[in-house]
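Please study the sequence and the structure shown below before attempting the exercises. Each exercise is followed by a worked solution.

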Amino acid sequence: MQKKLHLISLGCTKNLVDSEVMLGKLSEYENTQEINEADVVIVNTCGFIEAAKKESIQTLLEALETKKQGAILVASGCLSERYAKELKEEIPELDIITGVGDYDKIDKMIEERQKGEKILSNAKGVFLADETNKRIISGSKIHAYIKLSEGCNQKCSFCAIPSFKGKLHSRTLESTLKEVRNLASQGYSDFTFISQDSSSYLRDLGIKDGLVELISGIEDLAKEGVNIKSARILYLYPATTSKKLIQKIIDSPIFHNYFDMPLQHASQKVLKTMGRNGEFMELLEMMRKAPNSFVRTSFILGHPGEGEEEFEELCQLIENFSFDRINFFAYSKEEGTKSATMEQIPSKTIHSRLKKINKIFTSQYQQNLKKLKGAEVTALIEGKSKEHEFFYAGRELRFAPEIDGEILINDKTIDEEITSGYYKVKITEIAGEDILGCVIGKA
C-alpha cells in the first residue's frame, strides 16, 4: 500500500515554494487531504509576526490531535527556525523539527525518524531552491511561483526576518531562467517572481538592476519559442526600485504592469523610525500612469512613533492615491528587533486606527470595482471557484494568484465547454465585492 502524506503550508508564497520542494522529495507518497489517513504530516510554519506564530502553533496542536497513531509529525519552516528549542520543550511529541535550511533533506530526515531517531535540525544557512530541485507545483497546472532569492539586506526596525533568514542571497540569472524553461516545458506559462526583497535581486552578485536583466532574459526565452505568456513580480522595495525597472516592466510584452510595493507608512517621521526609505511618490506616480496598471501595497498601523498626525498623513495618502489593493497590518512587537525596544502604542488605539483606515479604503475599493462593469479582460480559468461552487473562477492576468481576488464566471457566449486556459471575459456585474463575468472567447 502506498504511503500517504498530508502537508500544510502556512504563511507566504515563498513558504509555498519550499513546501513544493518537499513534495518533490517525497513524490513516492500519495498526497491526501485527510490528515488522519496520512503516514507523514508536515506543517511548514510561518514565524513572521505574532498572529502567524499563533496560527502555526495552533495548527501543530490540531495536527497532533488529529493524526493517526504512529504517523510522523514534522514542524518545518520559519517558526521552527526561530523557536526550535522552545517547540521541542513545549510540544515534545513532534517527531521532526527542522528550520529553513533543510527542505531538500526532508526525505532523509523522515527515513532517520522511521529508524527511531528524533530529529532537531537547524542547518547553517538558508535553503534556496534552484532548477535542480524537483518541485510538485500545487494549486495550478498553468501558474508557478519562481523564488529569486532568500534573505534581506534591508534594516527595517520592526522586522525579524534577517535574524533567521540572513543577508540577501540571490540565485543566478542562469539558474532562474533554466527553471522557467523547465516549467514551461511542463505546460506552465504564467509566472510570479517572489522573494523577501525582489528589487534587490542580484545586488549581492554585483548587478544593480537585476530585475531588468531578468525581464530581458524572460523575453529572450519567449522569442526562442518558450511558451511564456504572462508574468508579474511581487515585493518591490522603494529604496531599490528604479525608474529604469518600472519602465522596463511597462515596455515588456510579457510582464504585466503589476506593481506590488509594500510602503508600510506615509509619514516621513514614522518611516525614519522604521528604518525605511520614504522617497516613493515619483515611483508611485510612474506606476499609476502606466497603461492598465495595477498597484498593490501594504501598511503597518501602530508602529512606535505613529501619533494622530502621522496616522492622518497615512489616511491622506490613501484618499489621494488610488491603490488597487492594500493590506493593513497591526504592528507586531517582535523580539530581537529595534522597534520592540521603543515605546509601544496601546493595542486599543491600533485597532481603532485599523477600523478607520479600513473603512476609508473599502469605500474607495468598492467605487473602483463598479468602474469595471462592462470591461473586457483576459483571464486565466482553471476550474470551479473554491468560494462559490456554482461558478468558474477566473483570474484577470493583472491579478496575482490568491491575493487579488477572482472573477466569478456564470455565463458564456461560446459554444465549447470551458476548460483550463486563457479566455476573454466581459465583466457583467459587481455584487458587493464579487466580480461576475461572462466568457466571450478564447484569448
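The exercises that follow concern strands, domains, annotations and a pocket in a predicted model.

**Exercise 1.** Determine which strands pair with strand β1, and in which sense.

*Solution.*
Step 1. Locate β1 at residues 4–9 and β2 at residues 30–31; these two strands are parallel and share two bridges. Within this pairing, Leu5 has Asn31 of β2 as its bridge partner.
Step 2. Follow the chain from β1 to β2: the path leads through helix α1, residues 13–25, and the resulting β-α-β crossover is right-handed.
Step 3. Turn to strand β3, residues 40–45, which is parallel to β1 and joined to it by five bridges. Here His6 lies opposite Val41 of β3.
Step 4. Conclude that β1 pairs in the parallel sense with β2 and runs parallel to β3 as well.

**Exercise 2.** State how the protein is divided into domains, and compare this division with the UniProt annotations.

*Solution.*
Step 1. List the domains: domain 1 spans 4–121, domain 2 spans 143–371 and domain 3 spans 373–442.
Step 2. Consider the separation of domain 1 and domain 3, whose C-alpha centres are 35 Å apart.
Step 3. Read the record: an unreviewed UniProt entry assigns "domain: MTTase N-terminal" to residues 3–115 and "domain: Radical SAM core" to residues 138–370.
Step 4. Describe each annotated stretch. Residues 3–115 are 45% helix and 20% strand, with 16 Å between the end C-alpha atoms. Residues 138–370 are 40% helix and 15% strand, with 33 Å between the end C-alpha atoms.

**Exercise 3.** Describe the volume and the lining of the second largest pocket.

*Solution.*
Step 1. Give the volume, which is about 260 Å³ for the second largest pocket.
Step 2. Identify the lining: there are 16 lining residues, and those closest to the pocket centre are Ser293, Asp324, Asn368, Leu372 and Arg398.
Step 3. Find the main contributor: helix α13, residues 347–370, supplies the largest share of this lining, with three residues.
Step 4. Sort the lining by class, which yields seven nonpolar, four polar and five charged residues.

Definitions and conventions:
Residues are numbered from 1 along each chain as its sequence is written. This is a predicted model: local features need pLDDT of at least 70, side-chain atom pairs count only at pLDDT 80 or more; totals for chains, interfaces and linings use all residues. Side-chain values use heavy atoms; hydrogens and water are left out. Two strands pair if DSSP finds at least two bridges between them. Helices (H or I, at least four residues) and strands (E, at least two) are DSSP runs, numbered from the N terminus. A crossover is right-handed if, with the strands pointing away from the viewer, the path from the first strand over the helix to the second runs clockwise. Domain bounds come from an automatic or database domain assignment. On a 1 Å grid over the protein atoms alone, a cavity is a set of points where a 1.4 Å probe fits but cannot get out, and a pocket is an open set with protein on both sides within 12 Å along at least five of seven lines; lining residues have an atom within 4 Å of a point. Grid points are joined across faces, edges and corners, and a volume is the space filled by probe spheres set on the points. Ala, Val, Leu, Ile, Met, Phe, Trp, Tyr, Cys and Pro count as nonpolar, Asp, Glu, Lys and Arg as charged, and the others, Gly among them, as polar. UniProt positions are given in the numbering used here, feature names are shortened, and annotations may be inferred rather than shown by experiment.
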